[in-house]
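Hello,

Here is the structure I promised to pass on. Please open it alongside this email; my notes follow below.

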Amino acid sequence: MGNCDEVGASSKQYGVTKPISKAGPTVADIQRTKELEKFLVDSGLYESEEEAAKRVEVLHRLGQVLKSWVKMLTRRRGYTDQMVEDANAVIFTFGSYRLGVHGPGADLDTLCIGPSYVNREEDFFFALHDILANMEEITELQPIPDAHVPVMKFKFDGISIDLLYASISCLVVRDDLDIADVSILQNIDEPTVRSLNGCRVADQILKLVPNVENFRTTLRCLKFWAKRRGVYSNVTGFLGGVNLALLVARVCQLYPNAIPSMLVSRFFRVYTQWRWPNPVMLCPIEENELGFSVWDPRKNPRDRTHHMPIITPAYPCMNSSYNVSTSTLRVMMEQFQYSNKICGEVELNKAQWTALFEPYAFFESYKNYLQVDIVAADVDDLRAWKGWVESRLRQLTLMIERDTFGKLQCHPYPYEYMDMSRQCAHSAFYMGLQRKSGEIVQEGQQFDIRGTVDEFRHSVNMYMFWKPGMDIYVSHVRRRQIPSYVFPEGYKRSRQSRPTGQLDNPHKSSHEDISGTEHCERNPKRKYVDKVGVKQDIAVKKQFSVPMDSFARSRLSMGFSGLTAEMHNSGHDMIERTKSPESDTECASNSSVVTSLTSDGGSCEDVGSTQIAVSVEDHKGVDGTISGRFHDTVCGIHSVSLVENEVPRGNEVLQNELQQQLEVLAFNSLYSFIHFSLVQSFDQLLVF
């Protein structure tokens, strides 16, 4: 937990710039830190001593299994008895466990390092897989060899484990192997580098922060915040554990003597004003003679497209947040702004810490959603199928952004929901949909994403381990059609006057128009829907007489005021209305695709037709034009405009700090340097 004893003890500079402030905590800061730490304990974020001991035991037992596996392979390949005796595998941890911020039930991220003659493809994913599959302690075994970082997932005596494998260029792996030594990267491939860098990055982070305990408490707090606010998921395009750790570590560098309550507040203040895509870096990027590619927009065109670069500190330095899209960055910036406001109120004693962790009311924030239903024959098949589909959901967001030129904004929600009433194994994900703020609305213009959805489904169906029963359905649902199983209480809550956690806006909420008329209309309709059942979606039969592409052409307009789910009959009996996936307890075999998003003046729903018109309101939240490109840095050195953070009046502590922080932190563009080793400052100008 937070530690005040070392405040001001160190004069060492951390990071690529001087700190913004070296000020230590006030009495009020110390009290707020105690309250924050008590909140974290009361929220159950720390594991018990018994569970901690069990993790240590499981790690030891897993290490023994891995050593035996390597010895078996060594003997099988005809090596000498001495080689068999010396054969070894070493297990390392990384992620939240390595950083010391894991909680009860958290996954245990592990890395097995073996000798050069034990490979990943056959030995790890087949030989070791068979060994684990025959162990009683191992359950839910799931190999994912085609992931960006190949991994084997399973539970060992109830402890969830993600196991990676790295084969290094040594015949014998010593127990005292120094994983920080860059020579360990010699003669290995890119997937192995990525596997090794999880541990190497975690170690570097702990070395680059001024106070490890303050860092850990702050990170634990912000991980909990990100989960509650729906922005914790690297695979979906939000922030994962490593991303958050790097962002928190940078704030610790900028405020080296701050304690957790201060660091949480400064976190939101800094990243509310951060001018993305300027990179967040803990240390300069360095080249190395090993020749691995490092993050460098000057040389790598793909790096110029990154929206939110958060650079890892260990060679080869990479962007850990390459999954972030325009849509997910917009959502995160909204949450930063909302939480920055809450922290200001906490510092004025106008709010408690609990307000910062209010769950995000996702299903009350939009009028229109995409529902992605995933089904499989049994639970084991669903686990594998769901993992694959979830890893591809980010592509659906990118495809919609691409095909609508960013005019249709998506908010993928990184949590899955299960309908226990379904006879087949089932899981569902949701995306909020809205028109981009400020777009000119012209009646009759439309977005048609049928081709986009069809392309997405085609890419998902390329799953190499597909089995009969695995299917996916993508459908458009309005807010009142959201099934009851997504709500914690098991029923649909009455709508609030304002969705929880939305930014204040003098005109309307950030995602919808909440008017008295609409509020009065919704409840009677909802009761009707609950009695009769969710209205039938529009499904496209697989047995088309003509290909889908012949009528699923992507159409785009500059703006729209409504979303319409429509299909064109064209005089042929090709399209029929069928039951929506959520309304049928059976496992359907056809995929319902809701695909046409169009402008329409009405908001009625014509049950007897093949058209459902719904309205989408302007988005009045955070400016969605935060660029994901390096347009203003291509020409070399440039200045970053001053952005003064709004501080609540009457807060003398923050006002005094503002006066101390007027020093300009020069930001020099990445493009103005020939060598990364000469870089002295990568941070923007921040004034508080």
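Of the 688 residues in the protein chain, 56% count as buried. Keep in mind that this is a predicted model. The chain has 14 helices and 15 strands. About 29,000 Å² of the protein chain is exposed, and carbon and sulfur atoms supply 51% of that area. Look next at contacts between residues at least 6 apart in sequence: 77% of them join residues at least 24 apart.

Now the annotated site. The unreviewed UniProt entry gives the feature "binding site" at Phe94, Gly95, Ser96, Asp107, Leu108, Asp109, Asp162, Lys223, Tyr232, Gly241 and Val242. I looked at two of these positions, Leu108 and Asp162.

Leu108 sits in strand β2, residues 108-114. Its relative accessibility is 0%, so Leu108 counts as buried. Leave aside neighbours within four places in sequence, and Leu108 is in contact with Arg55, Leu59, Tyr97, Ile159, Ser160, Ile161 and Asp162.

Asp162 belongs to strand β5, residues 159-167. Is Asp162 buried or exposed? It is buried: its relative accessible area is 12%, and the cut-off for buried is under 20%. With neighbours within four places in sequence again left out, Asp162 is in contact with Asp107, Leu108, Asp109, Thr110, Val151, Met152 and Lys153. Three of those contacts, Asp107, Leu108 and Asp109, also appear in the UniProt "binding site" list.

Next, a helix. Helix α9 covers residues 260-273. How far apart are the end C-alpha atoms of α9? They are 20 Å apart. At 1.5 Å a residue, its 14 residues should span 20 Å, so the two values agree. As for cover, 14 of the 14 residues of α9 are buried, so the helix is largely enclosed by the rest of the structure.

Last, a strand pair. Strand β10, residues 471-478, is mostly covered, with eight of its eight residues buried. Asp471, Tyr473, Ser475 and Val477 point one way from β10. Ile472, Val474, His476 and Arg478 point the other way. Why the split? In a regular strand, side chains alternate between the two faces of the sheet. In β10, the residues pointing either way are all buried.

The partner of β10 here is strand β6, residues 368-376. The two pair in the antiparallel sense over eight bridges. To find the pairing on screen, start at Tyr369, which stands opposite Val477 in β10.

Best wishes

Key:
Residues numbered from 1 in each chain as written. Predicted model: local features only at pLDDT ≥ 70, side-chain atom pairs only at ≥ 80, totals over all residues. Heavy atoms only, no water. Helix = DSSP H or I, 4+ residues; strand = E, 2+ residues; numbered from the N terminus. Expected span 1.5 Å × (residues − 1). Buried < 20%, exposed > 50% of the residue type's maximum accessible area, 1.4 Å probe, protein only. UniProt positions renumbered as here; feature names shortened; annotations may be inferred. Contact = heavy atoms within 4.5 Å. Areas by Shrake-Rupley, 256 points an atom, 1.4 Å probe, with all protein chains shown as cover. Pairing = 2+ DSSP bridges.
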